[in-house]
Amino acid sequence: MSVATVVLLGVLAAAGAVLAPRSDTRRSALGAVSLLVVLAVAAALAWRAGRVGDGLATTGVLLAVAAAALGGGPVVTAVLQAADPDRGPSRRRASDPEVLRGGTWIGVLERTAIAVTVLAGFAEGLAVLIAVKGLGRFNELKAPVAAERFIIGTLASGLWALACVGVALLLRS
């Protein structure tokens, strides 16, 4: 079961890398739901497997960080789509990728930093990370649509990263 968990983490990282470039154009929640299901199965297997050897645990940690970084994009995009209350074509929406440009790369870096910070046992680093991100976007957050996208995207991104790290922590405990 522990090897299956590590394989599933690798699948998450690979699938996230494939789905992420298309997530803004396809607008499909199917990829995000598939990633969530695979993550849930990996978590269940890791919980059932318990503590594993150091080599497998290290591989699990590395793949969990990769899955956190790469798999979060499609999930965050799907959450932004689901949270979009205004589907009118003439207005800028929270799910519009033009609002807060560069969010895809910022999200990858943010999820990587969250995963590494938690795995390093430096939970206080999460507050620093969110503060720096907020300061970097301060001028853009004056628009209500941008503020909404920032909050929803940050929470969805962070929760995905924490869930991926949780699987790695289950393998180590």
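Biologist: Looking at Lys 133, is this residue buried or exposed?

Modeller: Bear in mind this is a predicted model, so local features need pLDDT of at least 70 and side-chain atom pairs count only at pLDDT 80 or more, while totals for chains, interfaces and linings use all residues. Residues are numbered from 1 along each chain as its sequence is written, and side-chain values use heavy atoms, with hydrogens and water left out. We call a residue buried under 20% relative accessible area, exposed over 50%, and partly exposed in between (1.4 Å probe, protein chains only). Lys 133 has a relative accessible area of 17%, so the verdict is buried.

Biologist: Which residue forms a salt bridge with Lys 133?

Modeller: A salt bridge here means a side-chain nitrogen of Lys or Arg within 4 Å of a carboxyl oxygen of Asp or Glu. For Lys 133, the closest N and O atoms are 2.9 Å apart. The pair links distant parts of the chain, 23 residues apart, with Lys 133 in helix 5 (residues 124-136) and its partner in helix 4. At 5% relative accessibility the partner counts as buried too, and it's Glu 110.

Biologist: And what does Arg 51 meet in a salt bridge?

Modeller: Arg 51 is exposed, at 53% relative accessibility. Its N-to-O distance in the bridge is 3.8 Å. The partner is also exposed, with a relative accessible area of 57%: Asp 54.

Biologist: Which helix gives the largest share of the largest nonpolar core?

Modeller: Such a core is a set of buried Ala, Val, Leu, Ile, Met, Phe, Trp, Tyr and Cys residues joined through side-chain atoms within 4.5 Å. The largest one has 29 residues, and those with the most contacts inside it include Leu 12 and Trp 160. Helices (DSSP runs of H or I, at least four residues, numbered from the N terminus) giving two or more residues include helix 1 (2-26) and helix 6 (144-172). The largest share, eight residues, comes from helix 3.

Biologist: How is helix 3 oriented relative to helix 6, roughly parallel or antiparallel?

Modeller: With axes fitted to C-alpha atoms over the stretch in contact, and angles running from 0 to 180 degrees between N-to-C directions, they pack at about 155°, axes 8 Å apart. The contact (heavy atoms within 4.5 Å) includes Gly 71 of helix 3 and Trp 160 of helix 6. Angles under 35 degrees count as roughly parallel, over 145 as roughly antiparallel, 65 to 115 as roughly perpendicular and the rest as oblique. That makes the two helices roughly antiparallel.
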